[in-house]
Amino acid sequence: MFLKHLECSACGLHHEWLHLQNLCRSCHKPLLAIVDLAAASRTLTLESLATREKSLWRYREVLPLPGDVEPVSLGEGGTPLLRASSSCRNDDIDLWIKDESLNPTQSFKARGMSVAVSMAKYLGASKLAAPSAGNAGGALAGYAARAGLEAHIFMPRDTPRANIIECRELGADVTLIDGLITDCGAEIARRKEKEGWFDMSTLKEPYRVEGKKTLGYELAEQCNWQLPDVILYPTGGGTGLIGMWKAFDEMEALGWVGKKRPRMFAVQAAGCAPIVRAFEAGEKTAAEFPDTHTIASGLRVPKAIGDFLILKILRDSHGGAIAIDDEEMIRAAREVGSNEGLFVCPEGAACFGALKSLQRAGKIAPDERVVIFNTGAGIKYLECYEAY
């Protein structure tokens, strides 16, 4: 067990990890898990990885669960990194697609929930709750069922039907709310103490980001420990972006990668782009985005609790933020489908639209290696695609 403590991402206050907790008790910002990397490196080596299972748990020493505790797993991680066909590689850029739709429950949310549910169960939780506009709910339902825990999921009423049905068929208690994911989160906050729920909301507990950071470890390993020049990442709550950046720092400390970092670009929907608006205005935090609307339900997050972390990463990496409208997402999804054989989710499709825009603006050079994350399966968004 190499987890040392939890540290507030804003004020730096240390917290013990041995009991269930959500935000910093002082400033109410997200907590991050701090691992003893020197100790972890005694058994986690590049040589040892060659013999390990193809899952996110291959990086066990830098994950928070004690080594003698069985993780709650459905086989998550180990997703392919695919080189894009020539028809999608405009200007001969070296374009790759990290396809997270092959995870259990068909999205990248499986990574975070596997680790978070494992830790919640280990620390004594019996009832888990989360707001979700789609794939996080399905992942929580699946992993809670696997762990023998209750799952209580609050979803906007216009969440794609596949996500709602998935949660119910996996045994979760689903409540539909007239509103946005923020309204769902507010309802959980009002009821969690009375109901005995542990809140599993994005970045409101410390361990979903630990599962998501394996995106960074896995990407580096698949790239032979040479990080790409550019990463395009669909950003709602931003846990994956924050997790990857944490992984890059950890891998540098382990001696696996150098100081060079990819330029990180957060891709949002034009109808819900709080990070884009704040980045362009030079703000350190993002105000709540009004009148949100987009078919990309995973991007319909009007206010992210980790906004200050996302914006700092974008600036520190010399990246940026870009918004794509729904029509462009659909066009991009169909182009990717016909050229790559991948039925991508609207969030992933937004990144392909963003790539074209960034190339036109001269922000990506022809010889650079670019990685796009497709975060989920298009099959879950049938009504969205049928509408266009």
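These legends describe close-up views of a predicted model.

**Figure 1. Packing of helix H4 against helix H5.** Helix H4 covers residues 135-147 and helix H5 covers residues 161-169. Their axes approach to within 8 Å, with a crossing angle of roughly 15°. Angles under 35 degrees count as roughly parallel, so H4 is roughly parallel to H5. The crossing in which H4 passes H5 is left-handed. On the H4 side the contact is formed by Asn 135, Gly 137, Gly 138 and Ala 141, and on the H5 side by Asn 163, Glu 166 and Cys 167. Sorted by class, the residues of this contact are 2 nonpolar, 4 polar and 1 charged.

**Figure 2. Surroundings of helix H4.** Of the 13 residues of H4, 11 are buried, so the helix is largely enclosed by the rest of the structure. The buried set consists of Asn 135, Ala 136, Gly 137, Gly 138, Ala 139, Leu 140, Ala 141, Gly 142, Tyr 143, Ala 144 and Ala 147. These buried residues pack against three helices and two strands: helix H3 (109-122), H5 and helix H7 (208-212), together with strand E6 (127-131) and strand E7 (150-156). The end C-alpha atoms of H4 are 18 Å apart, which agrees with the 18 Å that its 13 residues should span at 1.5 Å a residue. After H4 comes Gly 148, which has a positive phi, near 75°.

**Figure 3. Crossing of helix H9 and helix H11.** The helices shown are H9, residues 239-254, and H11, residues 307-316. Their axes come within 10 Å and cross at roughly 55°; H9 and H11 are therefore oblique to each other. The crossing is left-handed. H9 contributes Leu 241, Ile 242 and Trp 245 to the contact, while H11 contributes Leu 309, Ile 310, Ile 313, Leu 314 and Asp 316. By class the contact of H9 with H11 holds 7 nonpolar residues, no polar residues and 1 charged residue.

**Figure 4. Gly 236 in the loop that leads to H9.** Gly 236 sits between strand E10 (230-234) and H9. Its relative accessibility is 6%. Buried means under 20% relative accessible area, so Gly 236 counts as buried. Apart from neighbours within four places in sequence, Gly 236 is in contact with Gln 268, Gly 298, Leu 299, Val 301 and Ala 304. Lys 259 lies 23 residues from Gly 236 along the chain, and the C-alpha atoms of the two are separated by 27 Å.

**Figure 5. Two loop residues with positive phi that are not glycine, Leu 203 and Asp 291.** Leu 203 has a phi of about 60° and belongs to the loop between strand E9 (198-199) and H7. The relative accessible area of Leu 203 is 2%, so this residue is buried. Asp 291 has a phi near 50° and lies in the loop between helix H10 (274-281) and H11. At 69% relative accessibility, Asp 291 counts as exposed.

**Figure 6. Helix H12 and the elements that cover its buried residues.** H12 runs over residues 326-340, 15 residues in all. From its first C-alpha to its last H12 reaches 20 Å, close to the 21 Å expected at 1.5 Å a residue. The buried residues of H12 are Asp 326, Glu 328, Met 329, Ile 330, Ala 332, Ala 333, Val 336 and Glu 340. The cover over these residues includes strand E4 (81-83), strand E5 (94-99), strand E11 (263-269) and strand E12 (320-324). Helix H13 (346-360) and helix H14 (382-386) are also among the covering elements.

**Figure 7. Contacts of Tyr 381.** Tyr 381 is located in the loop between strand E13 (369-374) and H14. With a relative accessible area of 2%, Tyr 381 is buried. Not counting residues up to four places away in sequence, Tyr 381 touches Asn 135, Pro 160, Ile 295, Ser 297, Cys 345, Pro 346 and Glu 347. One of these, Asn 135, also takes part in the contact of H4 with H5. Tyr 381 and Ala 133 are 248 residues apart in sequence, and their C-alpha atoms are 12 Å apart in space.

Methods
Residues numbered from 1 in each chain as written. Predicted model: local features only at pLDDT ≥ 70, side-chain atom pairs only at ≥ 80, totals over all residues. Heavy atoms only, no water. Axes fitted to C-alpha atoms, helices over the stretch in contact; angles between N-to-C directions. Helix = DSSP H or I, 4+ residues; strand = E, 2+ residues; numbered from the N terminus. Parallel < 35°, antiparallel > 145°, perpendicular 65-115°, else oblique. Left-handed = near helix turned anticlockwise from the far one by under 90°. Contact = heavy atoms within 4.5 Å. Nonpolar A, V, L, I, M, F, W, Y, C, P; charged D, E, K, R; others polar. Expected span 1.5 Å × (residues − 1). Buried < 20%, exposed > 50% of the residue type's maximum accessible area, 1.4 Å probe, protein only.
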